[in-house]
Amino acid sequence: MWVPELPFQLACQRERTLRDRPLAFLSPQGGRTPCLWLVNRLARAAGVSSGDPMDHALRHLPGLRVLDPTPQTWWEAQMSLKDFLSHWSPQGLLGRMGEALLELKGTDRLFGPVRDAAWKLRRELAQQEGWESHGGLSESAAAAQLAARMEHQLEWVPGGHEASFLAPHPLARLPDLNLRAASRLRRLGLRLVGDLQPMPLPTLTRLLPEPEARQLLDRARGQDRPRLPLLAEPPGESSHPWRLEPPRLPEEVSLAAWCLEKLWSEPRSPRRLQLNWWDVDGEAHHWVAPLDSLTTPPLELSRTVESAFRVSCQRRILVHRLELRVAWGLGRPQGLFESSLTRKLGALEPALARLRQRFPDRPVMPGFSII
């Protein structure tokens, strides 16, 4: 399933006058020259593209409407799409913004034949959310994704016809094909998916690692049958109490290190985080982490928790007890705008996890002083 240009559909829902107009979103990256970030198809047809300076684009296309990006709204819309799809099937996978794979096998008794279920799904999405969508139906994930991109209401690829359907498509449109592999195949003169289909696996392993080559051939031949994960995350909550003996001043509480240890000891990722603490006179305080902070790695999230705790402790009185309450999900939510610090910490955490396994008796918590 594909909801084309979901950010622009949301903008048009909010302001009806934007419909059937060339639109663009301003780049969130600061700079001396504002540039365009996302451009809709009407603007692209008029010769405007992503990365163009805003003043040049407006001179070239005076009717262009440039909008401010609203990443939180887009992220919430993606989560709404996931919740909607979970009512149709327990298995699915969200891709890029507005794109999702859904397993409809086994839902016949609830929604009828698979093709009928796909039609009903599109119709109910339009009624509930007001979003225009396209569907691709196939046993192959690659064929289903490309079928949805053909922008028919519902494109069906019958079983056994996946390879012939994929063959005329450009290789660059094959899902999950990285730039390095695409460049090597292009140098060999391979342009279409059909050019890659007859290539033997041993030949392709000279260009790519064997696991990557095998997956690429399966996608090109329409033989990929991935087992999709669960769309609906199993409910899970945990509570972590901490009694301070003796009570301490807020700046003496090594909260970041303690919070990081709790986050690292859990294989799931937080969907909601609340910190409660009590002063020595029994007065209770509460703080709930904002949603955008939950998209950051534990190293940064734990610092956010400690900073909010110390800012909120205005009474300058000893803290006697703390409690961390976390609602867990399967994977860390992804923000649309990821800072360079978040990327660096995300790349650092696997190495830190290996160090913690190698030295279990020593805390591996860079940047924190353990009191």
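**Strands, a cavity and some odd backbone angles**

Visitor: Quick one to start: what is the relative accessible area of glutamate 5?
Guide: Glutamate 5 has a relative accessible area of 21%, so it counts as partly exposed. Keep in mind that this is a predicted model.

Visitor: Okay, and what about the phi of glutamate 5?
Guide: Phi is positive there, about 50°, although glutamate 5 is not a glycine. The residue sits in the segment before helix H1 (6-14). As background, most residues other than glycine have a negative phi.

Visitor: What does glutamate 151 have for phi?
Guide: A positive phi near 65°, again in a residue other than glycine. Glutamate 151 lies in the loop between helix H7 (141-149) and strand S7 (154-156). Its relative accessibility is 33%, so glutamate 151 is partly exposed.

Visitor: Switching to omega: which residues does the cis peptide bond join?
Guide: Glutamate 245 and proline 246, with omega at about -5°. Proline 246 belongs to strand S8 (residues 237-248).

Visitor: How far can I trust the coordinates? What's the average pLDDT of the protein?
Guide: The average is 87, and 92% of the residues score at least 70. Going by elements, helix H8 (residues 162-166) has the highest mean pLDDT at 95, while helix H15 (residues 340-358) has the lowest at 74. Where pLDDT is low, the predicted coordinates should not be read in detail.

Visitor: Now strand S9. How many of its residues are buried?
Guide: Nine of 11, which leaves S9 (residues 269-279) mostly covered.

Visitor: How many bridges join S9 to S11?
Guide: There are 10, and S9 runs antiparallel to S11 (residues 319-329). One pairing puts leucine 275 with leucine 324 in S11.

Visitor: And to S10, how many bridges?
Guide: Five bridges, also in an antiparallel arrangement, with S10 covering residues 284-288. Tryptophan 277 has histidine 285 of S10 as its bridge partner. S9 and S10 form a hairpin with four residues between the strands, where glycine 282 takes a positive phi near 90°.

Visitor: Any empty space inside? How many cavities of 30 Å³ or more?
Guide: The count is one. The largest cavity has a volume of about 50 Å³.

Visitor: Which residues line the largest cavity?
Guide: The lining includes Trp277 and His285, the bridge partners from S9 and S10. Also among the lining residues are Pro250, Asp279, Cys313, Arg315, Arg316 and Val319.

Visitor: How does that lining divide into nonpolar, polar and charged?
Guide: Five residues are nonpolar, three polar and three charged.

Definitions and conventions. Residues are numbered from 1 along each chain as its sequence is written. This is a predicted model: local features need pLDDT of at least 70, side-chain atom pairs count only at pLDDT 80 or more; totals for chains, interfaces and linings use all residues. Side-chain values use heavy atoms; hydrogens and water are left out. pLDDT is the predictor's confidence in each residue, from 0 to 100. Helices (H or I, at least four residues) and strands (E, at least two) are DSSP runs, numbered from the N terminus. Buried means under 20% relative accessible area, exposed over 50%, partly exposed in between (1.4 Å probe, protein chains only). On a 1 Å grid over the protein atoms alone, a cavity is a set of points where a 1.4 Å probe fits but cannot get out, and a pocket is an open set with protein on both sides within 12 Å along at least five of seven lines; lining residues have an atom within 4 Å of a point. Grid points are joined across faces, edges and corners, and a volume is the space filled by probe spheres set on the points. Ala, Val, Leu, Ile, Met, Phe, Trp, Tyr, Cys and Pro count as nonpolar, Asp, Glu, Lys and Arg as charged, and the others, Gly among them, as polar. Two strands pair if DSSP finds at least two bridges between them.
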